Amino acid sequence: MNGSPVARRLRTVQQLAGAALVCCVLPLAAQAQKPALSPFPDDPLASVPALAPLAGIRGSELAAVVQRYDLDRRTLVRRYDAFDSPDQRRRMRAFNGAWRTRLREIDFDRLSQDGRIDYVLLDNHLRYQLDLADRQEKQRAEMVPLLPFADALLALHDARRDLEPVTPQAVARQLAAITKQVDSLRMLFEAPGRGDSAAAHLRGTAPKVSRTVANRAADQLDQVRSTMGSWYRFHSGFDPVFTWWLKDPDTKLNDAMTRYAATIRERVVGIPRAAVVAGRAGGAAPAADAASANTGPIIGDPIGAAGLAVDLRHEMIPYTAVELIAIAEREYAFSLGEIKKAAREMGFGDDWKAAMERVKDSYVEPGKQPEMIRNLARQAEDFFAQHDWVTIPPLAREDWRMEMMSPERQRLNPFFLGGELIQVSYPTDEMTHEEKLMSMRGNNPHFSHATVFHELNPGHHLQGFMAARHFPHRALFATPFWSEGNALYWEMFLYDHDFHVTPDDRVGALFWRMHRSARIIFSLNFHLGRMSPDQAVQFLVDTVNFERANAEGEVRRSFAGNYSPLYQAAYMLGGLQMRAMYKALVGGGQMTEREFHDGVLLGGSMPMAMVRARLAAIPLTRDGPAPWKFADELPASRPFPVRR
């Protein structure tokens, strides 16, 4: 391994940071109990690496291929900008299929290991895009009874992008006919006496769809309405004949679609009328209204066992969802045993929930949260400075920033978020008394002690810092199993290495560990159809002792559509994959701790199976690495290594 390209890159990067670490990090080791408040270096030259070794670093032969694909993809996304339009669907499917065909023309056997990794990653990405297109076709078919007119409207925007001339009078007739269709569909849901079979026979029968499909259709309707607004504005005022014919039909269609979306949300999805009306104010789409989006019913869009199997194949995880739930239940049992030990130290016996209640009540007073987060961040950085675990360049200690999170965002993200910018979640004066207590208790110092470094260094901030400087083209393959898994791994690693000295801090750390096990259980069970969102909220309250409002925010965030179906499972599963790798490579004497941790960061974001293939030089074929049953390779006793 010492002579491999990966090892040479690791040595180069560690040498680049070495002098700066001596100048700026080692003096901080003596200040572990009193973290430095400013990371600004006494010698600015220390944060600039020597450039000669940097100039000699080699990359992957396929970096330019990946970059070209990404550039071409972005070009087409801008060109075919009508969301889910007929032309967009056809073009992107053809584009990804053609790229996959071209990729097979490359001589795989002549590539280096990093070149083969990029080949496998790109092929895996292309196949997944085609799989997603198939999934979207099925979802679209489910929505057709509610939105039979959608493709006809989106095709108007496609025609505009093709620069086809418009026949205003004919299009006006088309929009008027679609408006009648929209109003007729709406009336099927709104008309009184819907339960009267005779009246229903005269009116027609409202389409029977699930709340999930209805919610998806209402969101799609908002997208169509937005696209039609763009289509109309392109012509209006520039073509007086167009405006003469279409001003009134366009206005009526817009109003009809707005009312129809509100009706779907109220009558089928179950969003209260007040929230729907608030979302409609000012012409805003109801789905875009922050209050209704963060306080209405949690719906979600489960993808089923078949969908999970496709997503797990994309992440190169050879387990079923049911098997992963069993792994999570074992991890939860370990954490439950550990938190009971901490509760006994605190004088609560096995009543770990009582111990956690005391921890939650340790919150700082209003206005002091930013200072507390800053001190915890510096404490973690100083703790790492005392060990040789991972390279944290001085500039990565200096460049991160902090902002406060709005009350609206806190309803969806009850805990702070990180990266180069850490966004702190804490009450504002406009929140209710109950909301303030929920936020303060959920962001207490002991909970935060275990996760500030998850967000900053060596977690998300260091990940982004390194990924932007090494194999940046691999941003295309970003996966939470790498980003969240690596950050969660550090939580487990520091728990193993006595970062949490007091039982209160250990309770804080174990809250998150239990939380990440619970995320796997509730998110996968939801997608399997075994658990509703309301049951998921109660599950978090019962098994992790969540504040109810924070549990609702967590479940809402999980299922609102902004995260992939496997995202919440990725935290602990990715962390366990790293622990299995650590055991094999560091425990087996093939790498030092610093080489291993730097190697994970320097290779860029990718499925953990590919990280393993890169670090251990595992042979690859065009189909990728052999299936890796990582759970079979976890340490027999946990935590690993045994806490001293």
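## Nonpolar cores and helix packing

In this predicted model, the largest nonpolar core comprises 85 residues, and Leu 524, Phe 596 and Phe 630 have the most contacts inside it. Helix H28, spanning residues 567-585, gives the most to this core, with 12 residues. Leaving aside residues up to four places away in sequence, Phe 630 touches Ile 317, Tyr 319, Leu 573, Leu 576, Gln 577 and Ala 580. A second, separate core has 39 residues, including Leu 156, Ala 172, Leu 185 and Phe 189.

Two packed helices are described by the angle between their axes and the distance between the axes. The table gives these values for two pairs.

| Helix pair | Angle | Axis distance |
|---|---|---|
| H7 (residues 150-161) and H10 (residues 211-235) | about 35 degrees | 10 Å |
| H24 (residues 480-496) and H29 (residues 593-602) | about 155 degrees | 11 Å |

The helices H24 and H29 cross at an angle over 145 degrees and are therefore roughly antiparallel to each other. Their crossing is left-handed. On H24, the residues Trp 482, Asn 486, Tyr 489, Trp 490 and Phe 493 meet Glu 593, Phe 596, His 597, Val 600 and Leu 601 of H29. This contact consists of 7 nonpolar, 2 polar and 1 charged residues. Phe 596 of H29 thus appears in this contact and is also named among the residues with the most contacts inside the largest core.

The crossing of H7 and H10 is left-handed. H7 contributes Ala 150, Leu 153, Leu 154, Leu 156, His 157 and Arg 160 to the contact, while H10 contributes Gln 220, Val 224, Thr 227, Met 228, Ser 230, Trp 231, Phe 234 and His 235. By class, 8 of these residues are nonpolar, 5 are polar and 1 is charged. Leu 156, a contact residue of H7, also belongs to the second core.

Notes. Residues are numbered from 1 along each chain as its sequence is written. This is a predicted model: local features need pLDDT of at least 70, side-chain atom pairs count only at pLDDT 80 or more; totals for chains, interfaces and linings use all residues. Side-chain values use heavy atoms; hydrogens and water are left out. Axes are lines fitted to C-alpha atoms, for helices over the stretch in contact, and angles run from 0 to 180 degrees between N-to-C directions. Helices (H or I, at least four residues) and strands (E, at least two) are DSSP runs, numbered from the N terminus. A crossing is left-handed if the near helix is turned anticlockwise from the far one by less than a right angle, and right-handed if clockwise. Contact means heavy atoms within 4.5 Å. Ala, Val, Leu, Ile, Met, Phe, Trp, Tyr, Cys and Pro count as nonpolar, Asp, Glu, Lys and Arg as charged, and the others, Gly among them, as polar. Angles under 35 degrees count as roughly parallel, over 145 as roughly antiparallel, 65 to 115 as roughly perpendicular and the rest as oblique. A nonpolar core is a set of buried Ala, Val, Leu, Ile, Met, Phe, Trp, Tyr and Cys residues joined through side-chain atoms within 4.5 Å. Buried means under 20% relative accessible area, exposed over 50%, partly exposed in between (1.4 Å probe, protein chains only).
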